[in-house]
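Welcome! Take a moment to look at the sequence and the 3D view, and then let us walk through some of the features together.

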Amino acid sequence: MAGGYAVNGLILFCTLLSLFGPSTSYLDYNLENSRVCSISRKRELRLQEKENSAISLKELRYFDKWSGIYPFNCNFTVSAPNGYGIIAVIQNLDLRKNESTQECIDYVQFQKRNSKIKAFIFGSDLVRSQKFCGIVNSIHEPDEADELKVDIVAQNAFIDDKGNLDVTISVASQQLLSSEKLDIFIIFTAYKPCKYGDGYKQCSATSSICIWEGFFDDTNVNCPYNNCFDEGGCPVMSPGGKRQRSGLGTTVTIGAVVIILGLLVLFMFCLFVCRRCKVLCWSGSSSRQQRASQQPGRVEMSTPMGNVGVSGAQNQPTAPPLLPVTSTASPVHEDKDLPPPYESLFPSR
């Protein structure tokens, strides 16, 4: 019984934590999943609206010991609802490249379709990004001109205004060295023009791109610009080579920790009050103890007829049984000398 109440209390605590603590609503995918990379046919990952309008794509441990016996080629499409565009932002990328020629051995590439007018002008309806390889992330060296770089698309980002983005991930058939590692982490976010509220916020004061407000200050960069407006500024590389976050991100983390500790203290206080007032699981044990103390006892008495159980209410003290007078008792001899009478010892004067 007590264990059941403890489990219910834990569930309640976790529910409160999910309501008041920081939460994310990304649709999580990984490269190991056949829903992303398939040999039989090209997969499609669908973005939705509002809180489900972002996808997190990661490589977990698939390339930890890459043998390079065969190449890895993954092609899939990310689609958005009608009227939405797609932002692809590389959060972390570590793929091999030839140090001498600077050509990519492994790479990630995005592709979108132009409008008919642009296709007529440029002669092709396909627009491809560069091949991303090497080390790519949101960390960059501090630059005095960073404040002036407003609404400039970052080098680790790509925008598809048609909402139908093709993604290619290629890993060459070359064995991974012990000093090498492969890492892929990309965020795809659906955006729409900033015309109405509906819980969407601008990526910057002068930007026409709006994303769901829940993606702000969640440690993931969703906006495609250099200033990383949705995270209060991009993380930078300190002179010592250590990663630094913006002050706002640190404030959010401290606030989340304070909320968790506060809920834990509240949970412990509720348990203390319940035990003190003898409610919930403690009420059952106290009532059982009270009933046990009121229940009359039962006493076993040994008699010549056997053990007889007598209840506590009937356990009354009784007089010992009379012993029968036997003929072996010593008789009084009549001829024995008796003491002299009192009158003979003390005659009256």
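## Starting inside: strand 6

Strand 6, residues 107-113, is mostly covered, with 6 of its 7 residues buried. Keep in mind as you look that this is a predicted model.

Which strands pair with strand 6? On one hand, strand 6 and strand 10 run antiparallel to each other and share 5 bridges. Within that pairing, V108 has I169 of strand 10 as its bridge partner. On the other hand, strand 6 also pairs with strand 7, again in the antiparallel sense, over 3 bridges. Here you can find Q111 standing opposite R128 of strand 7.

## The whole sheet

Now zoom out a little. Strand 6 belongs to an open sheet of 5 strands, arranged in the order 2-4-10-6-7, and the pairing is mixed. The edges are taken by strand 2 (43-46) and strand 7 (126-128); each has a single partner strand, so one side of each is left without a neighbour in the sheet. On average, neighbouring strands of this sheet are turned by 25° against each other, if direction is ignored.

What holds strands side by side in general? Strands of a sheet pair through backbone hydrogen bonds, and they can do so in a parallel or an antiparallel way. This sheet has both kinds, as its mixed pairing tells you. Strand 4 (residues 72-79) and strand 10 (residues 164-171) are an antiparallel pair with 8 bridges, and N73 stands opposite S170 of strand 10. Strand 2 and strand 4, in contrast, pair in the parallel sense over 4 bridges. In that pairing, E44 stands opposite T77 of strand 4.

## Two faces of strand 2

Strand 2 is a nice place to practise reading side chains. In a regular strand, side chains alternate between the two faces of the sheet. Strand 2 follows this pattern: R43 and L45 point to one face and are buried, while E44 and R46 point to the other face and are not buried.

How accessible are the two that are not buried? R46 has a relative accessible area of 55%, so it counts as exposed. E44 has a relative accessible area of 42%, which makes it partly exposed. These two residues also meet each other: R46 forms a salt bridge with E44, and their closest N and O atoms are 3.6 Å apart.

## Charged pairs

Side chains of opposite charge can pair when their charged atoms come close. How many salt bridges are counted here? The count comes to 5 salt bridges, and the pair of R46 and E44 is one of them.

Another is formed by the side chains of D64 and R61, with 3.2 Å from N to O. D64 is partly exposed, at 37% relative accessibility, whereas R61 is exposed, at 65%. A further salt bridge joins K192 and D198, whose closest N and O atoms are 3.9 Å apart. In this pair, K192 is buried, at 14% relative accessibility, while D198 is partly exposed, at 48%.

## Two loop residues

Loops deserve a look as well. S204 lies in the loop between strand 12 (200-202) and strand 13 (209-212). Is S204 buried or exposed? Its relative accessible area is 4%, so S204 is buried. Leaving out residues up to four places away in sequence, S204 touches D151, N227 and F229.

D125 sits in a different kind of place, the loop between helix 2 (116-122) and strand 7. At 33% relative accessibility, D125 counts as partly exposed. D125 and K112 are 13 residues apart along the chain, and their C-alpha atoms are separated by 8.3 Å.

## A nonpolar patch on the surface

Finally, turn to the surface. Which residues form a nonpolar patch there? V257, L261, L264, M268 and L271 do, and together they have about 430 Å² of accessible area.

One of these residues, L271, belongs to helix 3, which spans residues 247-277. L271 has a relative accessibility of 33%, so it counts as partly exposed.

Technical notes: Residues numbered from 1 in each chain as written. Predicted model: local features only at pLDDT ≥ 70, side-chain atom pairs only at ≥ 80, totals over all residues. Heavy atoms only, no water. Patch = residues over 30% accessible without salt bridge, like charges linked within 9 Å, V, L, I, M, F, W, Y side chains within 5 Å. Areas by Shrake-Rupley, 256 points an atom, 1.4 Å probe, with all protein chains shown as cover. Salt bridge = Lys/Arg side-chain N within 4 Å of Asp/Glu carboxyl O. Buried < 20%, exposed > 50% of the residue type's maximum accessible area, 1.4 Å probe, protein only. Pairing = 2+ DSSP bridges. Axes fitted to C-alpha atoms, helices over the stretch in contact; angles between N-to-C directions. Contact = heavy atoms within 4.5 Å.
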